[in-house]
Amino acid sequence: MGNILYELFSGDYDITPKPDERQQKLCAQIYAELDKAEAVLGDEYLDRLLRLDSERVERQSFQYYRSGFLLGVRLMLEALDR
């Protein structure tokens, strides 16, 4: 494990969580099912469905980020208030 402070300073810090083994297996299963759905429903329908889901996930991720940021600010304010 490197020096996180230096990684933040240099811009090398990667916040992206690494998928564990279970997540990788689930992704493989999902992709297999998506291939089946594409064969039945067609490319256009599945692309539309995936774009909508991608937008939903993006908005949800931003809400999680914002909530975490607000929690961090509240914790800092609480710590500095003492």
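A surface patch here is a group of residues with over 30% relative accessible area and no salt bridge, in which nonpolar side chains are joined within 5 Å. Keep that in mind for a later stop; the model you have open is predicted.

**Start with the whole chain.** Show the cartoon and you will find three helices and zero strands, running α-α-α from the N terminus. The radius of gyration is 20 Å, well over the 12 Å that the globule rule gives for 82 residues, so the protein is more spread out than a compact globule. Turn the C-alpha trace along its principal axes, and it spans about 60 × 30 × 25 Å.

**Colour by confidence.** The average pLDDT is 91, and 98% of the residues score at least 70. Select helix α1 (residues 4–10) for the lowest confidence, a mean of 86, then helix α2 (residues 21–41) for the highest, at 95.

**Switch on the surface.** It comes to about 8,100 Å², with 59% belonging to carbon and sulfur atoms. Buried residues make up 1% of the 82 residues.

**Now select the patch.** Pick F62, Y65, F69, L70, V73 and L77: together these form a nonpolar patch with about 650 Å² of accessible area. Zoom in on F69, which sits in helix α3 (residues 43–80). Is F69 buried or exposed? Its relative accessible area is 53%, and exposed means over 50%, so F69 is exposed.

**Last stop: A28.** Move to helix α2, where A28 lies. This residue counts as partly exposed because its relative accessibility is 46%. Draw a distance from its C-alpha atom to that of L50, 22 residues apart along the chain, and you should read 16 Å.

Methods:
Residues are numbered from 1 along each chain as its sequence is written. This is a predicted model: local features need pLDDT of at least 70, side-chain atom pairs count only at pLDDT 80 or more; totals for chains, interfaces and linings use all residues. Side-chain values use heavy atoms; hydrogens and water are left out. pLDDT is the predictor's confidence in each residue, from 0 to 100. Helices (H or I, at least four residues) and strands (E, at least two) are DSSP runs, numbered from the N terminus. Patches are made of residues with over 30% relative accessible area and no salt bridge: like charges are joined within 9 Å, nonpolar side chains (Val, Leu, Ile, Met, Phe, Trp, Tyr) within 5 Å. Accessible areas come from the Shrake-Rupley method with a 1.4 Å probe; for residues, only the protein chains shown count as cover. A salt bridge is a side-chain nitrogen of Lys or Arg within 4 Å of a carboxyl oxygen of Asp or Glu. Buried means under 20% relative accessible area, exposed over 50%, partly exposed in between (1.4 Å probe, protein chains only). The radius of gyration is taken over C-alpha atoms; the globule rule is 2.2 Å times the number of residues to the power 0.38.
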